[in-house]
Amino acid sequence: MTPEQRRSYKYQQQRAHSAVAMAGANGDLIKQPCERCGLNAEAHHDDYRELLAVRWLCFNHHRQWHTTNGYAQYDETALPSDDFTVTDTLSFRLPERLVKRIDAQADKETRLRTNMVQVLLQEALDKRESETSKR
Ligand SMILES: [Zn+2]
Ligand SMILES: [Zn+2]
């Protein structure tokens, strides 16, 4: 995988995981035991473009699937910037160099850009709160 493909893959992986988590919380998707052995399972996507088409595999069978089949299918051209920008969800514009730093951090933690911004904002708020309460 090229760095661009890797970035696209990670982005779609997280998007698919978010979709599963959301559908699970809504009761639209019911967690099942591992389809091979019946143990506690995690959701696996054969294809990240099919957000809710999952198979349920335990940790070991999930690893085995990827050893046999490699990466899940994905859209090589989709990137986070295609779906949204920071300014779509937050009503202020961040300086370019800050966006770059956020993207680098998001990449490291396999988060979406907006999610990374939320995490960083929350950390900053928590820090401020704890500093204020010390005074
Ligand atoms: Zn998988
Ligand atoms: Zn299993």
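How many helices and strands does the chain have? The chain has six helices and two strands, as shown in the close-up views described below.

**View 1. Overall arrangement and confidence of the predicted model.** This is a predicted model, in which the elements follow the order α-β-β-α-α-α-α-α from the N terminus. The chain comprises 135 residues, of which 13% are buried. Of the contacts between residues at least 6 apart in sequence, 50% join residues at least 24 apart. The mean pLDDT of the chain is 80, with 87% of residues reaching 70 or more. Confidence is highest in helix α2 (residues 59–69), at a mean of 96, and lowest in helix α4 (residues 86–89), at 39. Over residues 83–92 the pLDDT remains under 50, and the model places 10 contacts beyond four places in sequence for this stretch.

**View 2. Helix α1 and its C-terminal end.** Helix α1 consists of 24 residues and extends 34 Å between its first and last C-alpha atoms, close to the 34 Å expected at 1.5 Å a residue. Its buried residues are S8, Y11, Q12, A16 and V20. Just after the helix, G27 adopts a positive phi of about 80°.

**View 3. Surroundings of A23.** A23 lies in helix α1. This residue counts as partly exposed because it has 16 C-beta neighbours inside 10 Å, whereas 20 or more would make a residue buried. Beyond its neighbours within four places in sequence, A23 contacts D28, L29 and L52. The C-alpha atoms of A23 and L51 are 9.9 Å apart, although 28 residues separate the two along the chain.

**View 4. The β1–β2 pair.** Strands β1 and β2 run antiparallel and are joined by four bridges. One pairing visible here is that of H45 with V54, its bridge partner in β2. In a regular strand, side chains alternate between the two faces of the sheet. On β1 (residues 42–45), A43 and H45 form the covered face, while E42 and H44 form the uncovered one.

**View 5. The largest nonpolar core.** Nine residues make up this core: A16, V20, A41, A43, Y48, V54, W56, L57 and Y74. The elements contributing two or more residues are α1 (3–26) and β2 (54–57). Strand β2 supplies the largest share, three residues. Such a grouping may be set beside a general tendency: in soluble globular proteins, nonpolar side chains tend to be buried together. Y48, one of the core residues, is in contact with Q12, Q13, A16, A72, Q73 and Y74, leaving aside neighbours within four places in sequence.

**View 6. H61 in helix α2.** H61 is located in helix α2. With 18 other C-beta atoms within 10 Å, H61 is partly exposed. Not counting residues up to four places away in sequence, H61 touches C34, R36 and C37. The C-alpha atoms of H61 and L39 are separated by 9.7 Å, the two residues being 22 apart along the chain.

**View 7. Helix α5 and the residue T110.** Helix α5 covers residues 96–108, 13 residues in all. At 1.5 Å a residue the helix should span 18 Å, so the 19 Å between its end C-alpha atoms agrees with expectation. Just after α5, T110 takes a positive phi of about 45°.

Conventions. Residues are numbered from 1 along each chain as its sequence is written. Chains are lettered from A and ligands numbered from 1 in the order in which they are written. The expected span of a helix is 1.5 Å times one less than its number of residues. pLDDT is the predictor's confidence in each residue, from 0 to 100. Two residues are in contact if their C-beta atoms, placed from the backbone, lie within 7 Å. A nonpolar core is a set of buried Ala, Val, Leu, Ile, Met, Phe, Trp, Tyr and Cys residues joined through C-beta atoms within 7 Å. A residue is buried if 20 or more other C-beta atoms lie within 10 Å of its own, exposed if 12 or fewer, and partly exposed in between; C-beta atoms are placed from the backbone. Two strands pair if DSSP finds at least two bridges between them.
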